[in-house]
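Work through the following exercises with the sequence and the structure side by side, and try each task before you read its solution.

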Amino acid sequence: MKETTHEFEHEFEAAHGLPEPLPARETLLWQGTPDVWAMARDVFHTRSVALYFGVILALRAASAWSDTGSAYEAALAVVYLLPLAVLGLGLLALLAWLTARTTVYTLTDQRVVMRIGIVLTLTFNLPFKAIAAADLRQRAGGSGDIPLTLAAGEKIAFAHLWPHARPWRVATPVPMLRNVPDAARVAQLLAQAWSQSRGVALTHSTALDTPETGHAVAAHSHLSPT
């Protein structure tokens with residue numbers, strides 16, 4: 001399997017989120033960035049880390065209370081560790097903010113462009129002919145992930161994509177638009193543009209209801225020939 005050549009490194013953008021201005025024959029359909037708080041929660045797992053620190057702090061307080069019987073000593077044990085917990089969560093939140101701030105996803109009537117990277121900026125240009133399928137994983141609140149399964153013969157290294165890649169697909173990396181606001185609408189735009197450009201029909205509609213719970217739901221929108 002060859003590695004895709006649709007990859008650029010650049011310091012300056014000719015257009016926002018793009019390595020060069022769009023040709024006159026190409027139409028911009030949507031452009032956006034990940035939701036910062038959703039990325040902090042889903043990519044950097046701030047809720048799980050906060051729960052972990054909460055348990056550790058509670059155990060330290062309980063241990064100090066058991067050893068000394070003093071509420072002051074129990075509170076002191078928590079206070080000593082609390083700055084470390086705040087620092088850890090703050091660093092994760094900062095990473096989420098930097099990741100979202102340096103990411104631009106662009107959808108046109110001919111391709112998907114992913115401009116990513118905090119230190120080293122990379123732009124992945126994915127024409128519709130290189131995309132075999134698109135899925136939608138929508139969450140409560142409207143944000144969601146849109147994995148893009150690449151066509152046979154196309155590959156982007158997982159290390160180059162992370163965190164803009166489907167988790168645990170290291171051998172066959174799947175580029176993914178992460179924590180996209182109003183993900184159902186973006187997925188619908190992508191499905192329509194893909195089908196129009198390829199002259200194919202969708203096997204399943206991407207117009208999905210927003211889940212009522214906080215649990216993620218996977219919804220497949222396979223793009224396949226009629």
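A residue counts as buried when its relative accessible area is under 20%, as exposed when that area is over 50%, and as partly exposed in between. The model used here is a predicted one.

**Exercise 1. Burial in the whole protein**

Task: State what share of the residues of the protein counts as buried.

Solution: The protein has 226 residues, and 42% of them count as buried. Its secondary structure consists of five helices and 11 strands.

**Exercise 2. Helix H3**

Task: Work out what span is expected for helix H3, and compare the expected span with the distance between its end C-alpha atoms.

Solution: Begin with the length, which for H3 is 31 residues, running from 71 to 101. The expected span is 1.5 Å times one less than the number of residues, so H3 should span 45 Å. The end C-alpha atoms are 44 Å apart, which agrees with that expectation.

Next, follow the axis of the helix, where a kink of about 35 degrees lies at Leu81, shortly before the proline Pro83. Then look at the side of the helix that is hidden: the buried residues of H3 include Ala74, Ala77, Leu81 and Ala85. An α-helix has 3.6 residues a turn, so residues three or four places apart point the same way. The buried residues of H3 pack against helix H1 (36-42) and helix H2 (46-68).

Finally, at the start of H3, a side-chain oxygen of Ser70 comes to within 3.2 Å of the backbone nitrogen of Tyr72.

**Exercise 3. Two positive phi values**

Task: Decide whether Asn179 is buried or exposed, and do the corresponding classification for His45.

Solution: Asn179 is found in strand S8 (residues 176-180), and its phi is near 50 degrees, a positive value in a residue other than glycine. Its relative accessible area is 0%, so Asn179 is buried. Among the residues that Asn179 touches are Thr33, Pro34, Asp35 and Arg139.

His45 is found in the loop between H1 and H2, and its phi, near 55 degrees, is likewise positive in a residue other than glycine. At 43% relative accessibility, however, His45 counts as partly exposed.

**Exercise 4. A pocket and a cis bond**

Task: Find which residues lie closest to the centre of the second largest pocket.

Solution: The second largest pocket has a volume of about 230 Å³. Of the 16 residues that line this pocket, the closest to its centre are Ile116, Gly117, Ile118, Trp162 and Pro163. Trp162 and Pro163 are joined by a cis peptide bond, with omega about 5 degrees, and Pro163 is found in the loop between H4 and S8.

Key:
Residues are numbered from 1 along each chain as its sequence is written. This is a predicted model: local features need pLDDT of at least 70, side-chain atom pairs count only at pLDDT 80 or more; totals for chains, interfaces and linings use all residues. Side-chain values use heavy atoms; hydrogens and water are left out. Helices (H or I, at least four residues) and strands (E, at least two) are DSSP runs, numbered from the N terminus. The bend at a residue is the angle between axes fitted to the seven residues ending there and the seven starting there. Buried means under 20% relative accessible area, exposed over 50%, partly exposed in between (1.4 Å probe, protein chains only). Contact means heavy atoms within 4.5 Å. A polar contact is a pair of N or O atoms within 3.5 Å; within protein, one must be able to donate a hydrogen and the other to accept it, and residues adjacent in sequence count only if both atoms are side-chain atoms. On a 1 Å grid over the protein atoms alone, a cavity is a set of points where a 1.4 Å probe fits but cannot get out, and a pocket is an open set with protein on both sides within 12 Å along at least five of seven lines; lining residues have an atom within 4 Å of a point. Grid points are joined across faces, edges and corners, and a volume is the space filled by probe spheres set on the points.
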